[in-house]
Structure formats: structure tokens, C-alpha cells
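Trainee: Can we go through this model together? I'd like to start with the interfaces and then move to the backbone.

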4 protein chains.
Amino acid sequence: MNAPAILRAGHVAFRTTDLGRAREFYVDLLGFVETAADGHALYLRGLEETEHHSLMLRKAVTPGASHVSFKVASGDDLHRLHATAEAADLPVRWVEEGEEAGQGRALRVQDPGGLPVEFYVEMERTERLLQRFDLYRGPHVMRIDHFNCQVPDVQSLYDWYTAAWGFRCSEYTETDEPAPRLWAAWLHRKNNVHDIALMTGEGPRLHHAGFWLPETINVIRACDILAGARQHGAIERGPGRHGISNALFLYLRDPDGNRIELFTGDYQTGDPSHPPLRWSIDDPRRQTFWGHAAPRSWFDDASLVESIMAGNLMPTKGSALTDRPEFVT
Amino acid sequence: MNAPAILRAGHVAFRTTDLGRAREFYVDLLGFVETAADGHALYLRGLEETEHHSLMLRKAVTPGASHVSFKVASGDDLHRLHATAEAADLPVRWVEEGEEAGQGRALRVQDPGGLPVEFYVEMERTERLLQRFDLYRGPHVMRIDHFNCQVPDVQSLYDWYTAAWGFRCSEYTETDEPAPRLWAAWLHRKNNVHDIALMTGEGPRLHHAGFWLPETINVIRACDILAGARQHGAIERGPGRHGISNALFLYLRDPDGNRIELFTGDYQTGDPSHPPLRWSIDDPRRQTFWGHAAPRSWFDDASLVESIMAGNLMPTKGSALTDRPEFVT
Amino acid sequence: MNAPAILRAGHVAFRTTDLGRAREFYVDLLGFVETAADGHALYLRGLEETEHHSLMLRKAVTPGASHVSFKVASGDDLHRLHATAEAADLPVRWVEEGEEAGQGRALRVQDPGGLPVEFYVEMERTERLLQRFDLYRGPHVMRIDHFNCQVPDVQSLYDWYTAAWGFRCSEYTETDEPAPRLWAAWLHRKNNVHDIALMTGEGPRLHHAGFWLPETINVIRACDILAGARQHGAIERGPGRHGISNALFLYLRDPDGNRIELFTGDYQTGDPSHPPLRWSIDDPRRQTFWGHAAPRSWFDDASLVESIMAGNLMPTKGSALTDRPEFVT
Amino acid sequence: MNAPAILRAGHVAFRTTDLGRAREFYVDLLGFVETAADGHALYLRGLEETEHHSLMLRKAVTPGASHVSFKVASGDDLHRLHATAEAADLPVRWVEEGEEAGQGRALRVQDPGGLPVEFYVEMERTERLLQRFDLYRGPHVMRIDHFNCQVPDVQSLYDWYTAAWGFRCSEYTETDEPAPRLWAAWLHRKNNVHDIALMTGEGPRLHHAGFWLPETINVIRACDILAGARQHGAIERGPGRHGISNALFLYLRDPDGNRIELFTGDYQTGDPSHPPLRWSIDDPRRQTFWGHAAPRSWFDDASLVESIMAGNLMPTKGSALTDRPEFVT
């Protein structure tokens, strides 16, 4: 059986303790487009997106991440994903049409690392606002791009994503000694650097969801807008350039502490003959090409994730490996 | 007697037949900041400006330009300007405090070319929004920069502005034959290319008022915003690069047909030892450095100007010289 | 038999009458990276590309286009393409490894519209210069993106590309009356608007090859660099915004008259459920969103293409349909 | 006697221990234009500048700053400056034409804080490369903008610069308690935020010379270019936004450790009625509007300055005041 036709990262569902405060951050300041809202959730999208939402904010008593979601090509793909999950004894359940607003029948799986992953085919279409330049607000968030997750054992989850789900690796980080060990991997289905990255750390946790901005100045605009509104406390790291992926990045913590990345500047992938790019964990340019240190919180903090069956937040385990201290302030 | 201390271009007053439509254009689409409004006028400013208005839109039965206005250093300067005007038999009158909202006592002169020119010292201060990045809208209009006027005889008005009013020339255009004749001149008091430009043509008319944008992308944003709102008919010329002044320009016609330029990219002047830059009228790069032709309307159309005494629109005279047809589409 | 796994537009081969002049234009001014050169050809690539060339300039006695080339996933795909071409009685031939420098065994087909199309799997890898920012020159050409071709009958060639070769349509232009007729189509394999566009016109001809720039300012930089070097005559059209594809475009004619587009700003595609976007040929925003007219040469001129068997330039036929005159200056 | 007509910051002279290494940094990577060089010095300028040099790198056995230099309007101004210096018993000497390459007769003064300040009228003119866009390299350094100096007692030097030399204050930082004390001041003659800033600290020292870049992306380009060439160690601080002056800044240490700032984004000044903007030293947004901490080296390190008479490096004194620790990493 071939790998299922996973198309791309589709949306992320964050938990928020205060929908109003979340709207101020995401809609009023960052300019996400609001597709719909009710007393339980806020459904947002980027300016070039045509689906109902790429960012869902669910009212909950504690912060965290409900699930990450990949779009797949067909209902057949959902059934193949269901069969694969069952064969591997992974927690899996169907999400009926409308259980998540705007979304057709979908599948949720707790992946072998414990991450709550959803797959969907159909979602209500909305107007692409790409050419409604008169409605652009904030730093011009265009579309969701990827998820970045922390797990204690990257190698085994990498094996699952590549073998069972057909992801390809664009770049990866390895330790050098005593023996090479996979530290982190950038995995993609669409034609750029990643749809999901796996990093070594306490997990399962969602480190961040990445949203794409069109140009360099938009990254700077995000800083300025937040600072102009006296919300500079939301700026956790950046602007800076990752060696890995070449992204010009900015990491923000939303009012609940969930993290998003706003970035621009990666590159086109998609040639099967293109070998993954290896980075040594000791290369100071992999994390920040310009040589800046990241704050400790960026390494330590991440969002707890939900159990797809019970809805509770999953317990985490630490990693035997830790990132090298010289890159931490 | 030394030249009066004229500081810079201060504001322009356009006539508009429809204040609501003017607000949609200038405030809703172009993001000018509204300081004040009443049933007779709209008072707007750019994001870095601290004075009450740099753009005034006065309700009138026909379009046109009421006056252009320069800020001067002191009341003494106003008196010296008054004396100079009287000595030259120019129409001149005092504008009492509050006659123009937010403005202290000012002076209006019909210059020797017939242009209505105001000088003022004091204007009510407002909040500089430079660092309220969260409030930025439109293409980020920062400040007024210059006026561009058409008169039949540039040389004689050039002599007045440089000798009587102390303007310095940064660049100029000359015909080559049979004998060099001054075609146009860029004159400044502040430290950039111009506060006022004089071009040969039917006059006295105000060709445009120029407003400064911070970056290249803002010029493109102005086009996109207007087109996104289906107002692309407002785009008359550009984006393009002037050889003269190096401005990356965009010319817009407001709903009344009055013209503004949005631009970025000129350079610092201010050294008295810097000789003016000469352009031949036959150099195709002076008008559009990239070689594009300007539309005929850009050469033919301009705003009639008011008599400072009677308030009627001044009659115009054509010029014996006309611009070379090869640069007109 | 499934559609062959065509990955993306790979490279274009232009004919040039003067390799030195072509190098000045493409390398010295536009900053293409030179991978290799000999007395017969120049092999260039963009800054993010890792293959030997995306632009080949072949010495020839007349200008024109030798072929456009798509990368495919495997040798099996080449064989399937060969079989499909033979079954349709299309001219087809194998191009042995090394016949085109740096390239493995490839296949050339004269498509049903007469366009010379190459398919290849393997090409020599070179250093990706994406992060050698110190070596960036010119307007930062990143990668080839698409080909745009003119043929008299778009509908029949559209049918071939979608049915036989598996291309998907992102956007298209139709006439409104008397009956809808396909005027132009944007077809893609990779995840953006197009790898090839088909436009109604005299053909078979290559209208242009499109190369991607990262940001708005790079489009302006291209104009400025050419004009700074007094090569503004190379600027044929733009900068402007296409309604179709949302590209911020600039069309250049190289010293041989072959045309390239430098652009940025399209959007991500790839969802099979995304319906193609229809434009009426009477919508003035489809060609230039900002309302500018294109010069006549842009509609009239295009590069003749080679016969893949004999190497001569193919004769062309006109189209019964012509573009609407109101969009031509 | 009126204040002398000081026009603007003109140039800085740094000491360098290795002219070749300095050229690699300033010319090859940062794209400064080389006007002239000999075995003793390198004379550089920005792309819009027309004078012989705005940055002079003098061969010396140790790093440091030889002098900062202001352009004045006339020889009369030099004589008035000479008289003022003598009356105040300041070290002062004439620098004859040609003593500094390209420069006419000039005056050097050790200001009351010990800073070596030069005044000049005439300097050899060179080609303005503003429109030679084809020659632009690096991050597009346009022109020198300002000097930033550290002295133990800002108030007394502020008094001198404003009273004796006619500088105006645009912004300043004050301590809040026990009593307000002037911490730092931004002083200007040309129409933007500063030509010279005075900061409390060990002095006399030159903290940095500031050069202006045209756009946001140029600041990012500077980081990328340095990192691309594996010179990211030169990046000391930034990119970031200053609350004071609104500059989007980047601080670099050259191979000798002398510091330059590359920046864009301040605003127009020049209205005498504009009151200076006050910042509390306890306002976290004054130093970095986005809330980032500056590295300790930025507070601790600065260039020693020369005695204008003997040429030796001046001894320094510390300040009783120190910057607040909470803004230091």
C-alpha cells in the first residue's frame, strides 16, 4: 500500500483561556482574518487561504494544543490512514462532519510520539483575500506553513513519519559524538522545507505553529505593531535568520503562552533526488545564522497536547539528550 | 535684509466637491490621519507629523488648490515676507489665527507667477504617531514633502524664489537649443531635493503635492490597496523612478481630480557648495529613469489655484514652450 | 496508466547570437549564477537552485527558444512519457546523457501544439548559494518558475497537458460571447500557480520564461540596475501586478529579444479540491490589476521555437482569436 | 556673535591596524565606495555622497578614533569656531589643505569633554553613485549620519554643543530620581534626529559612527551578508528598533573593534518650535522598542579618541552614573 496522499499542514487548534484576549492578539494586532466565532471557539485564516480556518482557538481552562491537522487528497487516504493507525495500535478516532466547524469527516490519531494529529479532506471554502489589499491588516499573515513538535525520541518518530506517512526530510540536525544521533528533522509533503519539524525535548509537546509572511519587512512590522501597542512582551525571540531552512523568523507567545512563528524566506523543495541537508548540532549557524543566542524559554517552554480520546492534556517525558548549553543565553 | 527663514513645505489646501468621498480616498484607503473635520473641511496629516494638518480638504463647488503653505521660523519672518511682497506690489494679506483651523497668524501672498502661497509660524501640535505602528493604515504616508507648480515662465519665478525667498536649487532641466532655457527647477529649503518645483506649462496651476513614504514597498502597496478596492482609476502614472530627484514615484488623482504624488527615495541636500544638477530636456532618463512614457494627462492636467484676495480660481496662460512630444504616449 | 510524475519547470534553453553580450545581461546585470560555459553555451542558475542550470544560452545564428524542460521523478516516468508521445504520433527523441551539459538521459517531445518540451530526471548538482548572501548580485534571481507559450488553439493543448501529462489548472481566461472559449490557462505541477501557461496567439512560440524573485524590492532593483547601466531599453513592461496569479511582474527583453519575466508574489496551490479561478477576458484587472496598458510588443512578439528533430525554427500559425484591443496601448 | 553655520556630520576617522582587513570588511562586504587609498589610509564614502570621504581608515598601531568631523558653511565659520575655542582655552589647531587627503583647510578642536572634533568647508567632489544602481554592493550604505560619544558628564558637554556650537536637541534621556539628571542627548544641525549624540559613560570615547541605509531590508541584508561570509562575529547588537529616534538599528564591530551603526528609519526635524522628546531612563522602550536586551559589550566598549595636538589616545574617566542593570543581559 502506497503512502497516503498527505498534501500539507492544514491547521492548528490551540486552547485559549480567554477568547476576547486571543482575538485582540491574533485579529486586531496580527491581522488574522476571522472566518467565524462562537462562544467556544474562534476560527481564523491567513490572507491567501481559502479554507474555513488554519488557526482555531478553542476555549479551555488551561492553555495547550488540541491538535495539528494535515490536509489529505481523498476519503480513501483517510481510510488508509485509519488502517495504518489501527495496525500499529495507535489511538485513532473519526471526527464527524461539523464536529469541528467548517470541516468534513476527519480522522484523529495519536501518533507514536503522542502528538494529536488530525487528517481531513474537506473544509468549507471562504473568499481568498489575497487581492483585497485594502483589507490587509497587521504583518500580512498569508498562510499556515508548519508545526514544530518536541518529543524525547526524534529518531523513532522520524521513522514513522517517513515510512508510514510518506514525509520527506529536507534538513536535519545530528550530534557528532560519540555516535551520530538524530537531534531534529524537518519533514515535508508540500514543496518547501517543512510541514512538520521534530525536535528533541520534553514531549509530546507542540513547540510552535509557523505562519508564512510574504516579505522581510512584514517580520519587522510584526515587532513594531506589537511594540506600538505596548505588547512587546509577546516577542520571545527574533527577528533572526535560521541556518536551518533559511527562515527569517520571529517567535511570539500569545496571551496564553502558546507559541507561533511568523517567518519568511525558506526555499522550494520537492525534487526526490535532493539529499537532505545535514547540520551538526555544534554548528552555531544552524539555530541562528547571525550568531545570536536564543532565550532559555524558547528551549524550555512548549504547549502540552491533548489526548485525542479523552481530551485531557498528555503527560510528558524528558529527553536524555539536551541541547548544547553554549547556544542558550 | 537676509532671506526669511523659510523652513519647509508645510501643507496644501485642496478644494473638494465631496468631503465624504475625499475621506474615503485619503483616510480609508491611503491612511492619512484625521486630526479634525467639520462640515467645511477635513484636516489630515501623515504618520510622523506633529502639526494639525499637512493636507486640508476644503468643501468647494469646483476642484482646485486653495494654497500651498510654507512653515517659517518666526513672526519676524512673516513681517519680512510681508514687506518684501508689498515692495514688489504682490497681492498679500494676513490670515488671522484660527481662520484656518489649528493655525496661528499667517500670511498669504500671490507670488509673481500667480501661485497662492501661505507662510505660517505656529500650528497646533498633535500626537506624532510614528511609533504607533499598530495604527498604521494604507501605504504609510509619513509627511508632506513638496509642491509642484506649473507656470508659463519658469525663469522669472525661479529668480524670485531664489533671490527674494532664499530657496536653493538642487536640480534643473534646460532646453539645449537654440539657446539654453530653464525648463523646470527643483528648489529647497529643508535638506532634501525640494520643497517646491517649478515646471513650464499652462499656469499658474498646482501640478501636485508630494507626500513621502518610507520604503519602496509602500509605493507598491498604494497601487495594490487602490486596485484591491477597485479604485485603480486613481492611479495615473507609475510606479516609476524619476531621473530627476531619484524619487520612486506614484501619481494619483483624487476623486476631484486633484493630483498627489506618493514617493520615496530622494537624497540629502543642504551643502551650499553642492552645485545644482543639470538635466537636458532631451535626456530620456530625466522624467522616467526606466524609460517609460508618462500619460498625456500628466502633462496636460493640473489644479487651478485660488486668488488669495477674492478666492476665485485664477485664469491661466499657456506657455510658448511645450514639453517634447517624444516623452508623451 | 497514471500520469507521469512531472515535478516542476526545470530549465529553458534560449538561442543567443552573442554569448558575451548574453553574459553581460544575465550574469553581470541580473546576477544569474554561472555554473559553466564553453564556446557554444552558457549554463546559468538562480541563487537557491542546486542543479547545473535553469537557463541555458546556446550560441545560434538567430534568436529563439530551443526547448523548455520539466523535471520528472524517475526514469520510469521518462519511459511512460515516451510511450504516450509515440502513441499520439508526436515527434519524440532521446537526448543522451551529456548531450546537454550536466544533464542525464532525457526525452524531447514536440507537443501537440508544436512546442519543444524536454523531460529529464538527473542533473549534476551544484552548490546552493541561498545562504551565501555575500555573493548575491543583481535583483536576486532565486529560481526558474514557469514557461509561458503562445499557440493558436489553447483548448486542444490544454486538454493534452491536463489529460496526458497530469497538469492541473489554477486560473484561466475565457471569452464571454458568443460562447465561452478558453483564451489562456495557467497549469501547474508544483505547488504554485503555474509551471506552464498557454496563451492564445501566433504559435507555437515561447512568450517568456519566468524567474522568481524573493521580494517586491527586487523587482524594482531589476529596473534600477538596468537603468543604472543605461540598459533601460531591456525593460518592456512593468513593474505591475497581474490580476491573474497575483504576480508582481517585470518583463525584460534580453539582448537577442528573447523575453524573461522576473516576478514575485504568487500563492500556494496544490489542493485538488481547489477549483480553478476564472477570469473574463473583458475584466481589465486580469492583465494588469492596477489598470495599466501593456505595450503592443508584449502581445505581438515572442520567440520562435525549435523542431526537436531538425533543430530548425518551427513555422507559426496565427490565431482566429485576438486579444481585445482596449488593453493594448 | 551668532552660532557658526555647522551643516552636518561629515566624516569619521578610525584607526585601523590592518588596512587590508579593513577594506575586506568595509568595501568587500559592506559595499562602501572606495574613493582613494594609499599605504597610510583608506578613504571611503556612501552611495549618495559626493565628497571625497565620509569614512577614513588610518593605519595605526592600535584601534581607536582619530576624530569626528562636521561640515560648516564657510571659511568665516571656521574662524568663528577658532575664536570660540581659543576663548574657552580649548586645544585647537589648523589642519592645512591636503593634510587630510581631499580636504581643504580645516580646524580641529578638543571639545570640553575631550572629544577630537574637526570642522571643514571644502572637500574634493566625487561622482554621486546614487543612480549607478548597477554598482551597488553590500547593504547599500548611503551616507554618514551621526556620531555617538560617551563622556562622564553629559550635561556640561550638552551645554557647550547647544550654546557655543548651535546644536538643537531632538530627544534626551533623564534619570527620574532623586532629581532629574541628563543621561543622554541627541543633537542635530541637519534636519533629522541627530548629528551627534552624547551618552553618559567612561569617556571621552567614540561609541559609534552611524551610517544610513535606505530601507528595512538593507539592515537584514547586512546581517545576512556578514553571516554568509562567516563574519557573523561582527554583529554585536540588533537588528532592533530604538525607541529613541525610531531607528531600525544594527551595530557592527569592525575587525579592529571600532563600532559602526547601520540604520534606517528616523524622522524629519528642523522646526524650532518642536520640543525635545523626553525619555525616562527607566522606560524599557527607549533603548529597544521591542524589549530586547543589549549585550554588555555595547554598554562597556567604545573607541578611545586621539588628542588633536599630540595624536596619542586620550585617557578616560568613568562616570558616577551607570546605566540601569535591568537593560543589560
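Mentor: We take the chain contacts first and the backbone after that.

Mentor: This is a predicted model, in which local features need pLDDT of at least 70, side-chain atom pairs count only at pLDDT 80 or more, and totals for chains, interfaces and linings use all residues. Residues are numbered from 1 along each chain as its sequence is written, chains are lettered from A and ligands numbered from 1 in the order in which they are written, and side-chain values use heavy atoms, with hydrogens and water left out.

Trainee: OK. How many residues of chain A are in contact with chain C?

Mentor: 32 residues of chain A, facing 32 residues of chain C. Contact here means heavy atoms within 4.5 Å.

Trainee: And what area is buried between chain A and chain C?

Mentor: About 2,800 Å², with carbon and sulfur atoms giving 43% of that. A:Gln131, A:Glu215 and A:Gln268 supply 22% of what chain A buries against chain C, more than any other three residues. Buried area is the accessible area (1.4 Å probe) that two parts lose on being put together, summed over both.

Trainee: How many salt bridges across chain A and chain C?

Mentor: The rule finds two, a salt bridge being a side-chain nitrogen of Lys or Arg within 4 Å of a carboxyl oxygen of Asp or Glu. A:Asp271 and C:Arg8 meet in a salt bridge through their side chains, at 2.8 Å from N to O. By class, the side of chain A that touches chain C has 10 nonpolar, 10 polar and 12 charged residues. Ala, Val, Leu, Ile, Met, Phe, Trp, Tyr, Cys and Pro count as nonpolar, Asp, Glu, Lys and Arg as charged, and the others, Gly among them, as polar.

Trainee: What turn lays chain A on chain C?

Mentor: A turn of 180 degrees, with a shift of 0.0 Å along the axis and an RMSD of 0.0 Å. The two copies are thus related as by a two-fold rotation axis. The superposition is by least squares on the C-alpha atoms of residues with pLDDT of at least 70 in both copies.

Trainee: Why do you say those copies meet through the same surface?

Mentor: Because 100% of the interface residues of chain A are also interface residues in chain C.

Trainee: Switching to chain C and chain B. What does that contact take from each chain?

Mentor: 20 residues from chain C and 20 residues from chain B. The two chains bury about 1,800 Å² between them, 61% of it on carbon and sulfur atoms. In chain C, the residues that lose the most area to chain B are C:Ile220, C:Arg285 and C:Trp290, together 32% of what that side buries.

Trainee: Which side chains meet in a salt bridge there?

Mentor: C:Arg241 and B:Asp224 do, at 2.4 Å from N to O. The count between chain C and chain B is two salt bridges. H4 of chain C gives seven residues, the largest share of the side of chain C that touches chain B. Helices (H or I, at least four residues) and strands (E, at least two) are DSSP runs, numbered from the N terminus.

Trainee: Which residue of chain C comes closest to the rotation axis?

Mentor: C:Ile217, at 3.3 Å by its C-alpha. That axis belongs to the rotation of 180 degrees that superposes chain C on chain B, with 0.0 Å of shift along it and RMSD 0.0 Å.

Trainee: Now the backbone. Where is the cis peptide bond in chain A?

Mentor: It joins A:Gly203 and A:Pro204, with omega about 5 degrees. A:Pro204 sits in the loop between strand E12 (196-200) and strand E13 (205-212) of chain A. In chain D, the bond from D:Gly203 to D:Pro204 is cis, with omega near 10 degrees.

Trainee: And A:Arg230, buried or exposed?

Mentor: Exposed, with a relative accessible area of 55%. A:Arg230 has a positive phi of about 60 degrees although it is not a glycine. Buried means under 20% relative accessible area, exposed over 50%, and partly exposed in between (1.4 Å probe, protein chains only).

Trainee: What about A:Ser245, buried or not buried?

Mentor: A:Ser245 counts as buried, at 5% relative accessibility. Its phi is positive too, about 80 degrees, although it is not a glycine. A:Asn246 is found in the loop between E14 and E15 of chain A and counts as buried at 3%. Residues that A:Asn246 touches include C:Leu130, C:Gln131 and C:Phe133.

How values were computed. Lists of a residue's contacts leave out its neighbours within four places in sequence.
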